[in-house]
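Me: Could you take a close look at one part of this predicted model for me? I'd like to know what surrounds it, and then how it sits within the rest of the chain.

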Amino acid sequence: MDNKLKLEVITPYGELINEEVDEVYATGAEGDFGVFPGHCAFMTALRIGSLSYKKDGQTHYIFINRGYCEVLNDRVLVLVGSAERIEEIDIERAKAALARAEERLRRAQAGEPDIDVERAQAALLRATTRIQLATRLVAK
């Protein structure tokens, strides 16, 4: 694996990625970060966002839903609650989720007591991120 990283993205539903890549970028809880071969070891939490990686000069994007990332000098292990390649994102489903989340937040602002605002905000962020990533694919 000369000048390559082993990227593994694992969800409770199985392994999404297991490839040798050139570089990895992710949405960390403390900020976005990039990893190249030979990087120092660290571990960080991931927030709802994206993970991208370059392989053979091409950039690939994945939606990630919270988790953890362990970086070693030649390996990036990503454990997340869920993940989707952007070509697998159902834009209509994401738009429907966005509308539901916005409605829940409107109801919470109006004073409805049984709305979990934190959960609605996370749903809003997941839907928005999926739409942004899927739109990136369409724009290519």
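Reply: Let's start with Thr-27, which is buried, with a relative accessible area of 8%; that is under the 20% cut-off, so Thr-27 falls in the buried class. Keep in mind that this is a predicted model. Thr-27 is found in strand 3, the run of residues 23-28. The Thr-27 side chain has a polar partner as well: it reaches the backbone oxygen of Ser-50 at 2.9 Å. Ser-50 also turns up in the contact list of Thr-27, which, once neighbours within four places in sequence are left aside, includes Asp-32, Leu-46, Arg-47, Ile-48 and Gly-49 too.

Zooming out for a moment, the chain has 2 helices and 9 strands. Read from the N terminus, the order is β-β-β-β-β-β-β-β-β-α-α. Of the 140 residues, 39% count as buried, Thr-27 being one of the buried ones. As for contacts between residues at least 6 apart in sequence, 52% join residues at least 24 apart. The C-alpha atoms fill a box of roughly 55 × 30 × 25 Å along the principal axes. The chain exposes about 8100 Å², with carbon and sulfur atoms supplying 47% of that.

Now for helix 1, which covers residues 91-109. Its 19 residues reach 27 Å from first C-alpha to last, close to the 27 Å expected at 1.5 Å a residue. Ala-94, Leu-98, Ala-101 and Leu-105 are buried in this helix. They sit on the same side of helix 1 because they cover an arc of only 70° around the axis. Turned away from that buried side is a face carrying the exposed residues Glu-92 and Arg-93. Glu-92 also features at the start of the helix, where a side-chain oxygen of Asp-90 reaches to within 3.1 Å of the Glu-92 backbone nitrogen. Just after the helix, Gly-111 takes a positive phi of about 100°.

One last thing, the cysteines: a search of the whole structure finds 0 disulfides. Cys-40 is in no disulfide, and its nearest cysteine sulfur, that of Cys-69, is 12 Å away. Looked at from the other end, the sulfur of Cys-69 has its closest cysteine sulfur in Cys-40, and 12 Å is too far for a bond, since a disulfide calls for sulfur atoms within 2.5 Å. Their surroundings also contrast: Cys-40 counts as exposed at 52% relative accessibility, whereas Cys-69 is buried, with a relative accessible area of 1%.

How values were computed: Residues numbered from 1 in each chain as written. Predicted model: local features only at pLDDT ≥ 70, side-chain atom pairs only at ≥ 80, totals over all residues. Heavy atoms only, no water. Helix = DSSP H or I, 4+ residues; strand = E, 2+ residues; numbered from the N terminus. Expected span 1.5 Å × (residues − 1). Buried < 20%, exposed > 50% of the residue type's maximum accessible area, 1.4 Å probe, protein only. Arc of directions from axis to C-beta. Polar contact = N/O pair within 3.5 Å; in protein donor to acceptor, adjacent residues only side chain to side chain. Contact = heavy atoms within 4.5 Å. Areas by Shrake-Rupley, 256 points an atom, 1.4 Å probe, with all protein chains shown as cover.
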